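Student: I have the sequence and the model open, and I would like to go through them with you. Please start with the strands and then move on to the sites.

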Amino acid sequence: MSAIDDLPPLREVISRHGLSARKSLGQNFLLDLNLTAKIARCAGDLHGSDVLEVGPGPGGLTRGLLAEGARKVVAVEKDRRCIPALEEIARAYEGRLEILEGDALELDLSQHLNPPIRIVSNLPYNVGTELLTRWLDPPEWPPFWTSLTLMFQLEVAQRITAKAGEKHYGRLAVLAGWRTDARIVMKLSPEAFTPAPKVRSAVVTLNCLPEPRYPANPKILRDLVARAFNQRRKMLRASLKGLRPDIEDRLVSAGIKPTDRAETVDIERFCALARSLEKP
Ligand code: SAM
């Protein structure tokens, strides 16, 4: 396959800048630029979009995003050692790459980009889940982004995209499915990364819906779903008992049997129950 840009191969970049992978920062790098360009394409046509990338590392995915036509990439990296390598990319793609050094969990990132904004990242898994939860639950809907394309370990990807009744269905699937179309778009074996992690990975794309799929108060729905799945093997009349004395009636009015378990209740019925709980 032909090179995606005129910059040096990533192995050379990593050895020249001494970027030995650090476990503490969840560093598993993607070194195949054709693969990173393919991941970039999972986010859709990038022409005319700004892209937020969290954790660019030595810049493999960053180069994929730029080569695939992103109008501008804002890349936030916590590891200072990676910044000079990223600056080389910024010079090659003049005016299209802004590098921010810092912790993505502590920065307000939306102010650096203009809509439409796509978020594309290969993140350490713990940081990824935390950021996903925040991006899915902003103060206002629609949020500042139009799509999220994120790498997760396969099991987490399945938890984000599962449907009611499936093994991995839970809190994350309800929150993701309520306000986005979430799909696994690529699966990767451990060998795609350097060093190879222990588990398989998958890329998930979440396309923002202009309106939530069903009306519900976000805070009530979030609390309800957390409570319901906290004891996922229990019948809902037991796990939700503390919420209201008449919880059984409210379950029935939402189309849910009091003996049902959370894992069988779809998003529509969770939203109906959240609406019922808003009433006195
Ligand atoms: N995107 C690169 C790639 O695909 O090869 C690197 C991926 S590596 C799995 C995760 C990257 O996220 C590392 O470069 C790490 O230093 C960075 N990182 C870890 N925690 C971070 C945080 N809280 N904020 C910003 N970057 C972080």
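**Strands, ligand shell and loops**

Student: How many bridges join β2 to β5?
Tutor: These two strands run parallel, with Asp-50 standing opposite Ile-117 in β5. Strands here are DSSP runs of E with at least two residues, helices are runs of H or I with at least four, and both are numbered from the N terminus. Two strands pair if DSSP finds at least two bridges between them. The number joining β2 to β5 is 3.

Student: Before we go on, what kind of model is this?
Tutor: For orientation, residues are numbered from 1 along each chain as its sequence is written. Local features need pLDDT of at least 70, side-chain atom pairs count only at pLDDT 80 or more, and totals for chains, interfaces and linings use all residues, as this is a predicted model.

Student: Is β2 enclosed or open, and how many of its residues are buried?
Tutor: A residue is buried if 20 or more other C-beta atoms, placed from the backbone, lie within 10 Å of its own, exposed if 12 or fewer do, and partly exposed in between. Asp-50, Leu-52 and Val-54 point one way from β2, while Val-51 and Glu-53 point the other way, and all are buried. The strand is therefore largely enclosed by the rest of the structure, with a buried count of 5 of the 5 residues.

Student: Which residue in β3 is the bridge partner of Glu-53?
Tutor: β2 (residues 50–54) and β3 are parallel and joined by 5 bridges. Val-51 stands opposite Val-73. For Glu-53, the partner is Ala-75.

Student: What is the handedness of the crossover from β2 through α3 to β3?
Tutor: Picture the strands pointing away from you: if the path from the first strand over the helix to the second runs clockwise, the crossover is right-handed. Following the chain from β2 through α3 to β3, the β-α-β crossover is right-handed.

Student: Which strand does β3 reach by way of helix α4?
Tutor: The helix covers residues 83–92, and it completes another right-handed β-α-β unit. Here too β3 has a parallel partner, joined to it by 5 bridges, and Val-76 stands opposite Leu-100. That strand is β4.

Student: Turning to the ligand, how many residues surround it?
Tutor: β1 (29–30), α3 (60–67) and β3 (72–77) each supply at least two residues of the shell. Counting Ala, Val, Leu, Ile, Met, Phe, Trp, Tyr, Cys and Pro as nonpolar, Asp, Glu, Lys and Arg as charged, and the others, Gly among them, as polar, the shell divides into 13 nonpolar, 7 polar and 4 charged. A residue belongs near the ligand if its C-beta atom, placed from the backbone, lies within 6 Å of it. Phe-29, Gly-55, Gly-57, Ala-104 and Asn-122 are the closest, and the total is 24 residues.

Student: Asn-28 and Asp-103 are both listed by UniProt under "binding site"; is Asp-103 buried or exposed?
Tutor: The listing comes from an unreviewed entry, and such annotations may be inferred rather than shown by experiment, with names shortened and positions in the numbering used here. Asn-28, in the loop between α1 (10–16) and β1, counts as buried because it has 20 C-beta neighbours inside 10 Å. Asp-103 sits in the loop between β4 and β5 (117–122). Because this residue has 11 C-beta neighbours inside 10 Å, Asp-103 counts as exposed.

Student: How far apart in space are Pro-190 and Arg-200, C-alpha to C-alpha?
Tutor: Pro-190 is in the loop between β7 (180–188) and β8 (193–194). Its contacts, with C-beta atoms placed from the backbone and lying within 7 Å, include Ala-196, Lys-198 and Arg-200. Pro-190 and Arg-200 are 10 residues apart in sequence, yet their C-alpha separation is 5.4 Å.

Student: What is omega for the peptide bond from Thr-194 to Pro-195?
Tutor: Most peptide bonds are trans. Pro-195 lies in the loop between β8 and β9 (201–208). The bond leading into Pro-195 is cis, with omega near -10°.

Definitions and conventions:
Contact = placed C-beta atoms within 7 Å. Lists of a residue's contacts leave out its neighbours within four places in sequence.
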